[in-house]
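Colleague: I'd like a close look at the side-chain pairings in this one. Could you walk me through them in one go, in plain bench language?

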Amino acid sequence: MTTVDRLYHIIQAPVLTEKGTDDTSDRNAYHFRVPLDANKVEIRQAVERLFQVKVVRVNTLRVQGKVRRRGYSAGRTPDWKKAMVTLRAGDTIEIL
C-alpha cells in the first residue's frame, strides 16, 4: 500500500452527530471514523495532506460495539475508533 493509499484508508468517514456539529462551531473540531490501528501522528498527516489545513490537536477514543439482538440470536457491532481533529482558526473542511 502506498503512502497516498494509506492516507485515504485512515480517514474512513466523517462522524456527523449533533454533538460533533456543536464541536465544529465551538472549537473548530471535526470528527472522523478511523481504523483501530491508526495513531495520532498518522491522523494529523492524513487530514493536513488531504484537506490542505493545519491541525492543532488530535484527540482519539475507542468506541465499544453494542450488543444487538435479532430474534433469538445475539451479536455485537464491531468496535471502532473516533478521531476529533481541531483545526487552526480560519481553516474549515467541507464535509457535505
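What do the side chains of Asp79 and Arg76 meet in?

Modeller: Bear in mind that this is a predicted model. The side chains of Asp79 and Arg76 meet in a salt bridge, with N to O at 3.5 Å. Why call one partner partly exposed and the other exposed? Asp79 has a relative accessible area of 28%, so it falls in the partly exposed class, which runs from 20% to 50%. Arg76 has 51%, and because exposed means over 50%, Arg76 counts as exposed.

Elsewhere, salt bridges that share partners join Arg6, Asp37 and Glu42 into one network. Altogether the structure holds 7 salt bridges. As a general point, side chains of opposite charge can pair when their charged atoms come close.

Let's stay with that network for a moment. Arg6 forms a salt bridge with Glu42, and the closest N and O atoms are 3.2 Å apart. That pair links distant parts of the chain: Arg6 belongs to helix α1 (residues 3–10), Glu42 belongs to helix α3 (residues 40–51), and 36 residues separate the two. Glu42 is partly exposed, at a relative accessible area of 23%.

Another salt bridge brings together the side chains of Lys54 and Glu48, at 3.8 Å from N to O. Both ends are partly exposed: Lys54 has 39% relative accessibility, and Glu48 has a relative accessible area of 23%.

Now for the two helices that Arg6 and Glu42 sit in. The axes of α1 and α3 come within 9 Å and cross at roughly 100°. Angles of 65 to 115 degrees count as roughly perpendicular, so that is how α1 and α3 lie to each other. On the α1 side, the residues that meet α3 are Thr3, Arg6, Leu7, Tyr8 and Ile10. On the α3 side, Glu42, Ile43, Gln45, Ala46, Arg49 and Leu50 meet α1. So what is the make-up of this contact of α1 with α3? The residues divide into 6 nonpolar, 2 polar and 3 charged. Arg6 and Glu42 thus turn up twice in this story, in the salt bridge and in the helix contact.

Helix α3 has a part in the ring pairing too. A search of the whole structure finds 1 aromatic pair. The rings of Phe32 and Phe51 have their centres 6.0 Å apart and their planes at 20°, and because planes under 30 degrees apart count as stacked, this pair is stacked. Phe32 and Phe51 also link distant parts of the chain: Phe32 is in strand β2 (residues 29–34), Phe51 is in helix α3, and they are 19 residues apart. Is each ring's residue buried or partly exposed? Phe32 has a relative accessible area of 2%, and since buried means under 20%, Phe32 is buried. Phe51, at 30%, is partly exposed.

One last stop is Gln12, which is placed in the loop between α1 and β1 (13–14). Gln12 is partly exposed, with a relative accessible area of 42%. Leaving aside neighbours within four places in sequence, Gln12 is in contact with Arg33, Val34 and Pro35. The C-alpha atoms of Gln12 and Met84 are separated by 13 Å, and these two residues are 72 residues apart along the chain.

Note on methods
Residues numbered from 1 in each chain as written. Predicted model: local features only at pLDDT ≥ 70, side-chain atom pairs only at ≥ 80, totals over all residues. Heavy atoms only, no water. Salt bridge = Lys/Arg side-chain N within 4 Å of Asp/Glu carboxyl O. Helix = DSSP H or I, 4+ residues; strand = E, 2+ residues; numbered from the N terminus. Buried < 20%, exposed > 50% of the residue type's maximum accessible area, 1.4 Å probe, protein only. Axes fitted to C-alpha atoms, helices over the stretch in contact; angles between N-to-C directions. Parallel < 35°, antiparallel > 145°, perpendicular 65-115°, else oblique. Contact = heavy atoms within 4.5 Å. Nonpolar A, V, L, I, M, F, W, Y, C, P; charged D, E, K, R; others polar. Phe/Tyr/Trp six-rings, centres within 6.5 Å; stacked < 30°, edge-to-face > 60°.
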